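Please find below a note on the model under review, arranged as numbered points. Each point takes up one part of the fold or one group of residues.

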Amino acid sequence: MKITYILPLAALSSAFVLPDEQVFSQIAIESHRSADSAFDKLPSKSQVVNEFENIFDTVGKTVEKTVKCSKHAIDAAIDYAAETGNEISKQVQQTGFDASSWLDSNTNLGHHGSHDKLNQTVYELIASSKYTTKLAAAINEFPDLVTLLNGTLADYTVFAPVDSAFEKIPEHAPKPSKETLEKILLYHVSPEYYPAAKVLVTHTVPTALTVDTVGIGPQRLSTNIGLKGLTVNYYSRIIAINIFGTNGVIHGIDSLLVPPPNVADIISFLPAEFSTLELGLAKTGLFAPLNDTSKHYGGTVFAPSNFAFQKLPTKVTAFLFSSYGTRYLKALLRYHIVANQTLYSDAYYAAESVDDADDKIPKGIFHIDLPTLLEEKSLAVDVARYGRLIEIKVNAFARVDVQDGIAADGVIQVVSDVLIPPKRIDRMVQHWQGEELTVEDLKERLEPLIEKVEL
């Protein structure tokens, strides 16, 4: 059986890869909450670990028992998920919210049951399940992919869309090219081992899809915990977990994962959040170079939302978007764009490889200075990471409200405030920390820089 249709426009995945408007609507509220308030509700580490063990033991033991009764592992996991409804999902979601600051990716909540007795590869599990017949048919079109998923070069993780996921493809959508189909399938596979406990404390997951446009690393997936429970790229819900094979693990998902579009397209697709930024990029001519992947390899856009622009004084905004202020606006927006360096909340890609470099951001406090398109001006970025609880601040002031907008050519980090370049006072660099900003002060900060900005 062949896949005959796919989503009509891969670019539409941006509506999924970035949070929807309901998520964005909470930004204004969250921006005024105390960062420490969540800690008052956190259980002890032992309570959290016990709760996770109870949840995964419930799933693992039930599936193990069913498999011993000659039922297929994927079939057993999905049948069990259907029989128990949303109860496990609710438990995982609640525990995930409370536990994020305590658990890390070294958590010892891995395999369950009779992993030593497993005798099927992840490909064989997919090929023999009644719930993944369409996925198996698609994989069978690519012998190299079959070999990969049967191999032992790595412990793979497969986010396997069940047959019902393919029914969500619009009826009259065009048939994808074979090259596009292969990219989509590779985007569902990670060459690294991510059992459910590790997924829960991970923000992004590397995939087998390698693209030049994000730097030296592979395209990544985003994992999220929200109203839908545990999801991938904000929209595809994980409905079955920890289906172990001899060479990896499978998680069942309810929607296909489509590789994301470029940063510029994502900004255009979300006018409710980025219309002001989009207007500024268009007015200053920055849209074209931002979308030209031949000129950069990967990148990070610290994107101010409409709410962030609204926090600027009215006179400042009016000046920036006036004909007289266009040069200043261009300099200001260039200060939000980092080329050739892609900074996720838990991974970092440079444009060129570095010997013995690790793309993972270490736990604890991580600091990096990222050079922007505004010549000689960098952003000071601090990432505080402990398990799933990650906070990113720029210039020790602006918080990243929505992390990891996965894009084909980099990543979008949505910032709570417009980033204002620092100025020098008595040979000291003074960063803007949210104090009252006047047009004169803004011009003073940008004046030395606009001569280097061509319109």
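1. Ser 305 belongs to the loop that connects β8 with α16 (306–310). In this predicted model, the residue has a relative accessibility of 3% and therefore counts as buried, the cut-off being under 20%. Apart from neighbours within four places in sequence, Ser 305 is in contact with Glu 273, Phe 274, Val 414 and Val 415. Glu 273 and Phe 274 fall within helix α14 (residues 271–283), and Val 414 and Val 415 fall within β16 (410–415).

2. Helix α14 itself lies across β8 (299–304), β9 and β16. The helix runs at about 120° to β8.

3. These strands belong to an open sheet of 7 strands, in the order β9-β8-β16-β15-β14-β13-β12 and with mixed pairing. The edge positions are taken by β9 (337–339) and β12 (364–371); each has a single partner strand, so one side of each is left without a neighbour in the sheet. On average, and with direction ignored, neighbouring strands of this sheet are turned by 25° against each other. As background, strands of a sheet pair through backbone hydrogen bonds, in either a parallel or an antiparallel arrangement.

4. How is β16 paired with β8, and how with β15? With β8 the pairing is parallel, over 5 bridges, and Val 301 has Ile 412 of β16 as its bridge partner. With β15 the pairing is antiparallel, also over 5 bridges, and here Gly 405 is the bridge partner of Ile 412. Ile 412 thus has a bridge partner on each of these two strands, Val 301 and Gly 405. β15 and β16 form a hairpin, with 2 residues between them. Since 6 of the 6 residues of β16 are buried, this strand is largely enclosed by the rest of the structure.

5. On the other side of the hairpin strand β15 (residues 398–407), the pairing with β14 (residues 389–394) is antiparallel and consists of 2 bridges. Lys 393 has Arg 399 of β15 as its bridge partner.

6. The largest nonpolar core has 58 residues. Those with the most contacts inside this core are Ile 267, Leu 281, Phe 302, Leu 320 and Val 381. Phe 302 deserves a closer look: beyond neighbours within four places in sequence, its contacts include His 336, Val 338, Leu 370, Leu 379, Val 381, Val 394, Val 400, Gln 413 and Val 415. A second core, separate from the one above, has 56 residues, among them Ile 78, Ile 126, Val 162 and Val 211. In general, nonpolar side chains of soluble globular proteins tend to be buried together.

7. The whole structure contains 5 aromatic pairs. In one of them, the ring centres of Phe 319 and Tyr 328 are 5.2 Å apart and the planes stand at 55°, so the pair is tilted. Both residues are buried, Phe 319 with a relative accessible area of 10% and Tyr 328 at 3%. Ring pairs also bring in Tyr 324, which forms a cluster with Phe 319 and Tyr 328.

8. Charges over rings form a further topic. The charged end of Lys 178 sits over the ring of Phe 142, at 5.4 Å from its centre. Lys 198 lies over the face of Tyr 194, and the distance to the ring centre is 4.4 Å.

9. Two residues other than glycine merit attention for their backbone angles. Asn 233 has a positive phi of about 55° and is placed in the loop between β5 (229–232) and β6 (236–245). Glu 376 has a positive phi near 70° and is found in the loop between β12 and β13 (378–386). Which of the two is buried, and which is exposed? Asn 233 is buried, with a relative accessible area of 0%, whereas Glu 376 counts as exposed at 66% relative accessibility.

10. For the chain as a whole, there are 19 helices and 18 strands. Of its 455 residues, 53% count as buried. Among contacts with a separation of 6 or more, 70% are between residues 24 or more positions apart.

Notes
Residues are numbered from 1 along each chain as its sequence is written. This is a predicted model: local features need pLDDT of at least 70, side-chain atom pairs count only at pLDDT 80 or more; totals for chains, interfaces and linings use all residues. Side-chain values use heavy atoms; hydrogens and water are left out. Two strands pair if DSSP finds at least two bridges between them. Helices (H or I, at least four residues) and strands (E, at least two) are DSSP runs, numbered from the N terminus. Axes are lines fitted to C-alpha atoms, for helices over the stretch in contact, and angles run from 0 to 180 degrees between N-to-C directions. Contact means heavy atoms within 4.5 Å. Rings of Phe, Tyr and Trp (its six-membered ring) pair if their centres lie within 6.5 Å; planes under 30 degrees apart count as stacked, over 60 as edge-to-face and the rest as tilted. Buried means under 20% relative accessible area, exposed over 50%, partly exposed in between (1.4 Å probe, protein chains only). A charge sits over a ring if NZ of Lys or CZ of Arg is within 6 Å of the ring centre and within 35 degrees of the ring normal. A nonpolar core is a set of buried Ala, Val, Leu, Ile, Met, Phe, Trp, Tyr and Cys residues joined through side-chain atoms within 4.5 Å.
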